[in-house]
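Ready for some practice at reading a protein model? Grab a pencil, work through each exercise yourself, and then check the steps below it.

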Amino acid sequence: MEANLAQRMQISTTWIDPYKFPRKPTSSLRFSGRFKEQKRLQVFVSAQFRPVRDENRHRQASFEVSCSCNNSQVSTLESESLQDLFGEEALILKNKSQEIEPYLNGRCIYLVGMMGSGKTTVGKILSRSIRYSFCDCDKLVEEDVGVPSVAEIFEIYGEDFFRDKETEALEKLSIEHRFVVSTGGGAVIRDENWIYMGKGISVWLDVPLEELAQRIAAVGTKSRPLLDNEPGDAYTTVGYLSSKYFSC
Ligand SMILES: Nc1ncnc2c1ncn2[C@@H]1O[C@H](COP(=O)(O)OP(=O)(O)OP(=O)(O)O)[C@@H](O)[C@H]1O
Ligand SMILES: O=C(O)C1=C[C@@H](O)[C@@H](O)[C@H](O)C1
């Protein structure tokens with residue numbers, strides 16, 4: 001943040017109950033600043049440590065700071081480079097995205113794909129490469145509803161409510177520029193969502209079923225309401241949903 005802007009801010013800080021916030025930050029601060037009389041800008045900063053293991057199974061700590069403005073996540077900084085995690089693939093993605101950047105004219109990019117297809121991973125690398133902000137649509141909905149996870153929103157209010165909120169979030173994003181948006185796995189099922197996503201460019205991450213099932217089985221389905229409610233193993237469930245959402 002520019003120094004002169006920071007100087008003009010009246011900063012108040014509040015510790016936030018991590019259980020009420022979707023990202024479950026280790027610690028967080030809320031700043032709010034008043035510019036002139038009418039304009040009010042709220043910036044939310046959250047920080048979290050994530051333990052990760054490298055290929056030799058050494059533990060490493062990764063530190064992430066993200067910043068939201070008017071309930072939209074506007075930037076994320078991570079101490080650990082995602083590029084290191086995905087090596088050559090990340091480099092190819094970075095080079096390709098820099099090639100297309102001049103043709104984007106600031107239009108948003110919407111990543112669509114099944115749960116676990118890599119929308120967040122790819123989105124973060126892509127946004128950094130083309131100097132866009134990264135935004136996770138599920139997180140926008142969680143913040144809007146004030147419930148910390150998609151799974152809980154489904155449980156408390158049901159899927160239709162979640163989908164309505166998702167459509168609202170996409171509508172708000174549709175007037176933005178320079179965002180890479182990771183959409184919810186099921187965002188593709190509503191025609192209305194395509195009208196909003198059509199303002200930008202949508203990219204489908206089409207991952208083979210076997211790979212998806214492995215990724216999902218690795219972390220379990222507890223936090224994934226749609227997958228958790230389906231009978232059968234990860235492969236069967238992913239196959240069923242994938243054909244429901246993405247069969248052409
Ligand atoms: N190209 C890749 N190669 C191998 N693993 C990957 C790749 N991309 C993502 N992953 C892994 O797959 C898992 C899911 O990735 P990610 O969270 O990015 O998917 P997503 O589409 O955002 O999922 P969600 O439905 O939770 O939003 C993560 O554990 C991630 O590390
Ligand atoms: O994790 C899940 O099961 C889901 C998350 C959201 O992306 C939703 O869009 C999806 O339909 C279900």
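Helices here are DSSP runs of H or I with at least four residues, and strands are runs of E with at least two, both numbered from the N terminus. Keep in mind that you're looking at a predicted model.

**Exercise 1. Get an overview**

Work out how many helices and strands the protein has, and what share of its residues is buried.

*Solution.*
- Step 1: Count the elements. You should get ten helices and eight strands.
- Step 2: Sort the residues by accessibility. A residue is buried if its relative accessible area is under 20%. Of the 248 residues in the protein, 43% pass that test.
- Step 3: Look at the outside. The protein exposes about 14400 Å², and 51% of this comes from carbon and sulfur atoms.
- Step 4: Check how far contacts reach along the chain. Take the contacts between residues at least 6 apart in sequence: 57% of them join residues at least 24 apart.

**Exercise 2. Explore the surroundings of ligand 1**

Find out which residues come nearest to ligand 1, and which helix gives the most to its shell.

*Solution.*
- Step 1: List the neighbours. Twelve residues sit around ligand 1, and the nearest are Glu 89, Lys 119, Thr 120, Thr 121 and Arg 215.
- Step 2: Sort the shell by class. You'll find three nonpolar, five polar and four charged residues.
- Step 3: See where they come from. Helix 2 (82-104) and helix 3 (119-129) each provide at least two shell residues. Helix 3 gives the most, with three.
- Step 4: Pick out polar pairs. On the nitrogen side, a nitrogen atom of ligand 1 is 2.8 Å from a polar side-chain atom of Glu 89. For oxygen, there's a distance of 2.5 Å between an oxygen atom of ligand 1 and an N or O atom in the Thr 120 side chain. A polar backbone atom of Ser 117 also lies 3.2 Å from an oxygen atom of the ligand.
- Step 5: Ask how much gets covered. On its own, ligand 1 exposes 630 Å², and the protein buries 69% of that.

**Exercise 3. Place Thr 167**

Is Thr 167 buried or exposed? Which residues is it in contact with, leaving aside neighbours within four places in sequence?

*Solution.*
- Step 1: Locate it. Thr 167 belongs to helix 6.
- Step 2: Compare with the cut-off. Thr 167 has a relative accessibility of 6%, so it counts as buried.
- Step 3: Find its partners. Beyond those close neighbours, Thr 167 is in contact with Arg 190, Glu 192, Asn 193 and Tyr 196. With Asn 193, there's a polar contact from side chain to side chain at 2.8 Å.

**Exercise 4. Track down positive phi angles**

What is phi of Asn 105, and where does this residue sit? Do the same for Arg 178.

*Solution.*
- Step 1: Recall the usual pattern. Most residues other than glycine have a negative phi.
- Step 2: Check Asn 105. Its phi is positive, near 50°, and it lies in the loop between helix 2 and strand 5 (109-112). Asn 105 is exposed, because its relative accessible area is 65%.
- Step 3: Check Arg 178. Phi is about 55° here, again positive in a residue that isn't glycine. You'll find Arg 178 in the loop between helix 6 (159-173) and strand 7 (179-182). At 33% relative accessible area, Arg 178 is partly exposed.
- Step 4: Add a glycine. Gly 146, just after helix 4, has a positive phi of about 80°.

Key. Residues are numbered from 1 along each chain as its sequence is written. Chains are lettered from A and ligands numbered from 1 in the order in which they are written. This is a predicted model: local features need pLDDT of at least 70, side-chain atom pairs count only at pLDDT 80 or more; totals for chains, interfaces and linings use all residues. Side-chain values use heavy atoms; hydrogens and water are left out. A residue is near a molecule or strand if one of its heavy atoms lies within 4 Å of it. A polar contact is a pair of N or O atoms within 3.5 Å; within protein, one must be able to donate a hydrogen and the other to accept it, and residues adjacent in sequence count only if both atoms are side-chain atoms. Accessible areas come from the Shrake-Rupley method with a 1.4 Å probe; for residues, only the protein chains shown count as cover. Ala, Val, Leu, Ile, Met, Phe, Trp, Tyr, Cys and Pro count as nonpolar, Asp, Glu, Lys and Arg as charged, and the others, Gly among them, as polar. Buried means under 20% relative accessible area, exposed over 50%, partly exposed in between (1.4 Å probe, protein chains only). Contact means heavy atoms within 4.5 Å.
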